[in-house]
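Please open the structure in your viewer and keep the sequence panel beside it. The tour below moves from the whole chain to individual side chains, naming at each stop what to select.

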Amino acid sequence: RVMYILEVIFFFSSRRRHTRFLPVSWARRCVQETGDRQESRRLRKPAFIKVNEIKPDKTGYNVYLKVIDVTSDTNVKRFDNSNLLIRDAVCGDETGIVNIRLKAENADRLQKGKVIAIRNGRVEVIQGRIRLEVDRWGKVTQEDNVEIKSTGTKNISDTVYEKVVTNRA
């Protein structure tokens, strides 16, 4: 009986030893395959939209905007006693204007009359109104080669949105 128990324990330990090396070789093979695919993958140029195409609760917006007015600056104290600059502004293009909020180093790029490009921006609905924001995955750059001569008069942030819950039966 003792011999039989020892054989069973050895069987399980040997299986564990063999399966331990399987995921490593499998993972190594997957890394090699994805490395080959990444070399052949090319980046696409972002497609920029106009302000009137912005809808609530969506992400991934790429927009060229002209800064019309910087409305407020707020310094928030972080837990490590550093300050975080939050800046609200009104920006727009030929089709309309929208309220935006930028934080930290992105807030420094807001200068009245300049054209900025927001890449991978998201729309938040605050108190029923749209606000375009840039989180840590987004990017804001000043664009010197893009010209927006006039801005629209319709502020899409003035439209009040209400969340509607539907029952799915």
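What share of the contacts in the protein chain with a separation of 6 or more comes from residues 24 or more positions apart? The share is 59%, and it is worth keeping in mind that the model in front of you is a predicted one.

**The whole chain**

Begin with the full protein chain in a cartoon view, where you should find one helix and six strands, arranged along the sequence in the pattern α-β-β-β-β-β-β. If you then switch to a surface, the protein chain exposes about 13100 Å², of which carbon and sulfur atoms supply 50%. Of its 169 residues, 29% count as buried.

**The aromatic pair**

Next, select phenylalanine 48 and tyrosine 64, which form the one aromatic pair that a search of the whole structure finds. The ring centres of phenylalanine 48 and tyrosine 64 are 4.0 Å apart and their planes meet at 10 degrees, so the pair is stacked; the cut-off behind that word is an angle under 30 degrees. Because phenylalanine 48 sits in the loop between helix H1 (2-40) and strand E1 (59-77), while tyrosine 64 belongs to strand E1 itself, the pair ties together parts that are 16 residues apart in sequence. Are these two rings buried or partly exposed? Phenylalanine 48 is partly exposed, at 25% relative accessibility, and tyrosine 64 is partly exposed as well, at 24%.

**Salt bridges between separate parts of the chain**

Now turn to the charged side chains, among which a search of the whole structure finds seven salt bridges. Select lysine 50 and glutamate 94, whose side chains meet in one of them at 3.1 Å, N to O. Lysine 50 lies in the loop between H1 and E1, and glutamate 94 in the loop between strand E2 (83-93) and strand E3 (96-103), so this salt bridge ties together parts that are 44 residues apart in sequence. Glutamate 94 counts as partly exposed at 40% relative accessibility, and lysine 50 counts as partly exposed at 36%.

Move on to arginine 119 and glutamate 143, which form a salt bridge with their closest N and O atoms 3.8 Å apart. Here arginine 119 is in strand E4 (residues 115-126) and glutamate 143 is in the segment after strand E6 (139-142), a link between distant parts of the chain that are 24 residues apart. Glutamate 143 is buried, because its relative accessible area of 16% falls under the 20% cut-off, whereas arginine 119, at 24%, counts as partly exposed.

**A charged network beside strand pairing**

Which residues are joined into one network by salt bridges that share partners? Select Arg122, Glu124, Arg131 and Glu133 together, since these are the members. Within this set, the side chains of arginine 122 and glutamate 124 meet at 3.6 Å, N to O. Arginine 122 is partly exposed at 25% relative accessibility, and glutamate 124 is partly exposed with a relative accessible area of 26%.

Keeping arginine 122 highlighted, add strand E5, in which glutamate 133 stands opposite arginine 122. E4 and E5 pair in the antiparallel sense over five bridges, and their hairpin has two residues between the strands, with glutamine 127 taking a positive phi near 50 degrees. On E5 there is also a parallel pairing, with E3, over two bridges; to see a point along it, select isoleucine 100, which stands opposite leucine 132 in E5. Strand E5 (residues 129-133) has four of its five residues buried, so it is largely enclosed by the rest of the structure.

**The last stop: asparagine 155**

Finally, select asparagine 155, which lies in the segment after E6 and is buried, with a relative accessible area of 14%. What does the side chain of asparagine 155 reach at 2.9 Å? The partner is the backbone nitrogen of serine 157. Leaving aside neighbours within four places in sequence, asparagine 155 is in contact with Ile97, Val98 and Asn99, so display these three residues alongside asparagine 155 before you leave this view.

Notes. Residues numbered from 1 in each chain as written. Predicted model: local features only at pLDDT ≥ 70, side-chain atom pairs only at ≥ 80, totals over all residues. Heavy atoms only, no water. Phe/Tyr/Trp six-rings, centres within 6.5 Å; stacked < 30°, edge-to-face > 60°. Buried < 20%, exposed > 50% of the residue type's maximum accessible area, 1.4 Å probe, protein only. Salt bridge = Lys/Arg side-chain N within 4 Å of Asp/Glu carboxyl O. Pairing = 2+ DSSP bridges. Contact = heavy atoms within 4.5 Å. Areas by Shrake-Rupley, 256 points an atom, 1.4 Å probe, with all protein chains shown as cover. Polar contact = N/O pair within 3.5 Å; in protein donor to acceptor, adjacent residues only side chain to side chain.
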